[in-house]
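Here are a few notes to help you find your way around this structure. Have a look at the model first, then follow the points in order.

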Amino acid sequence: MTSAPERTDGKGLASGTLGLWGSTVIGLASTAPVYSLVATLGFVVLAVGAQAPIAFVLAFIPMLFIAFAYRELNNDVPDCGTTFTWGTKAFGPWVGWMGGWGVAVAGMVVLANLSQIAGIYLWTLVGDGSLAENVPLVTATGVVFIAAMTYVSYRGVEIGERIQNVLLAVQYLVLALFVVLALWKFFDGTAPNPTPFDLAWFNPLGFTDWSGFTEAVLLALFIYWGWDTCLALNEETKDPKRIPGRAALLTTVILLGTYVTVTVAAMMYAGVGEDGAGLANPDNADDVFLALKDGLFGPFGWLLVVAVLISAVSSTQTTILPTARGTLAMAAYKALPERFRTVHPTYRTPSFSTLVMGIVASVYYIGMTIISDNILQDSILSLGLAIAFYYAMTGYACVWYFRRELFSSAKNLVYRGVLPLLGALMLTYAFVQSAIDMWDPEYGNTVLFGIGGTFVVGIGALAIGVVLMLVWYAFAGSKPFFRGESLNRDTEVLVPEEPIAYPRSVDGGI
């Protein structure tokens, strides 16, 4: 084995562990492709009918533009704090801190949902249906899943990657079978509502209702979220300046192909009617796959249940990764207490931050379940606010950070200026439009203070970040950060120097 030359320790993470394949696998797993389709496909079809495929394409555009912003910022500042670090360097400590909080909020909320889904589908798979409706049992199972995936994340990035390789392969195998069987049944005439492919499904001018269009695109934004995990693992990646950005772009493109292909196959098989297996049937909207599984897979319908279960469990593990590394980076630059900077001496993972993430997510899930399952569901609906918030911030940070270099070349103008700015503006609109929609008491499942509970939960979660930031500001240990001393535009970030040859990690390496 070739040893690496002398290098700085950076934050102490296991550098040189992931390659392009591993980074892409983790990025794909973070988006939970099967679960994402289960959660959104029916509602998107309800909103725009046969225009669902173009809705997924249009939602991809801001994601792609922001992926370029992530790539360009990572090329210059390959720090695992991502939005926090870049936002601080571009706009100062207050904005950067809130960017880090946006990442944390999104991770905490979605972990509660993913663990609940995993619990429900596990007991759906092994029981007669009644077990999946047993709230204490499902909640306890969800907490066990969070604990297990927290341990995997604690144990090391590489062992997590190996597990994700298997879990993602199962997901894509089932999705491939779904597409093949749907098309097979369409062509042999046994589909419940065979609908011929129509290029009009991809006509961006085919939308007849603006509110339906915006609802569909906002829903579709959620299913792309998660690819930025590639960037949060940049310090643990071989060639950290280039591979994470490439993996992020590759991930988004693969997701686009996946979602559009599955959507078209489902439409050709079941149509967009409101009855029976139709994708616009309101009774099936919250889980289209469950409604189609027996007709498509026959006695092997349980395969789709397994795929959703695996998708939720897989994303539970990868969702912990960026939040734990984000809080590690915040502590390294004095934006959080020093304890969050703890790295395991053997596994070289952010041990304290990882454990805190698992505990907080479990407590949040249990608390919300005890208070009201409806509020838990509204917190999921509000997730788009946190996602749009920190993605848009990253786009604006890219433009401002590189503002002096934008006109030095056409490439810089496009990739560091025009595309990130367009992506940020689109996501800002998504944030504002979502907030307006969520204000309506009819939106979501609850009403709090006379307005939509989804708005209260979503905006309230971001507001809590302001409170926590002010609390930390009151402590002496925060002063170097808030005075702009520990992290500013000219600060050399705490990352390991690139080695010429990469050592194998504690779990063996690839």
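1. In which helix does V418 lie? A quick reminder before the reply: this is a predicted model. V418 belongs to helix α16, which covers residues 410–439.

2. Stay with V418 for a moment. Its relative accessible area is 38%, so V418 counts as partly exposed, a class that sits between the 20% and 50% cut-offs. V418 also has company: together with L421, L422, L425 and M426, V418 forms a nonpolar patch on the surface. The accessible area of these residues together is about 370 Å².

3. Helix α16 also carries R416, which is worth a careful look. R416 pairs with E72 in a salt bridge, where the closest N and O atoms are 2.9 Å apart. This pair links distant parts of the chain, as R416 sits in helix α16 and E72 in helix α3 (residues 52–76), 344 residues apart.

4. Are R416 and E72 buried or exposed? R416 is buried, with a relative accessible area of 13%. E72 is buried too, at 5%. Both values fall under 20%, so both residues meet the cut-off for buried.

5. R416 has another partner to show you. The side chain of E405 meets that of R416 in a salt bridge, at 2.7 Å from N to O. E405 is found in the loop between α15 (383–401) and α16, and is 11 residues apart from R416. With a relative accessible area of 31%, E405 is partly exposed. Which residues are joined into one network by salt bridges that share partners? They are R71, E72, E405 and R416.

6. For the wider count, the structure holds six salt bridges. One of them is between D294 and K293, with the closest N and O atoms 3.1 Å apart. Here K293 is buried, at a relative accessible area of 16%. As general background, side chains of opposite charge can pair when their charged atoms come close.

7. Finally, please turn to a pair of helices. How do helix α2 (residues 33–48) and helix α12 (residues 302–332) cross? Their axes come within 7 Å and cross at roughly 110°. That angle lies in the 65 to 115 degree range, so α2 is roughly perpendicular to α12. On the α2 side, the contact is made by P33, V34, Y35 and V38. On the α12 side, A307, V308 and S311 take part.

Terms used
Residues numbered from 1 in each chain as written. Predicted model: local features only at pLDDT ≥ 70, side-chain atom pairs only at ≥ 80, totals over all residues. Heavy atoms only, no water. Patch = residues over 30% accessible without salt bridge, like charges linked within 9 Å, V, L, I, M, F, W, Y side chains within 5 Å. Areas by Shrake-Rupley, 256 points an atom, 1.4 Å probe, with all protein chains shown as cover. Salt bridge = Lys/Arg side-chain N within 4 Å of Asp/Glu carboxyl O. Helix = DSSP H or I, 4+ residues; strand = E, 2+ residues; numbered from the N terminus. Buried < 20%, exposed > 50% of the residue type's maximum accessible area, 1.4 Å probe, protein only. Axes fitted to C-alpha atoms, helices over the stretch in contact; angles between N-to-C directions. Parallel < 35°, antiparallel > 145°, perpendicular 65-115°, else oblique. Contact = heavy atoms within 4.5 Å.
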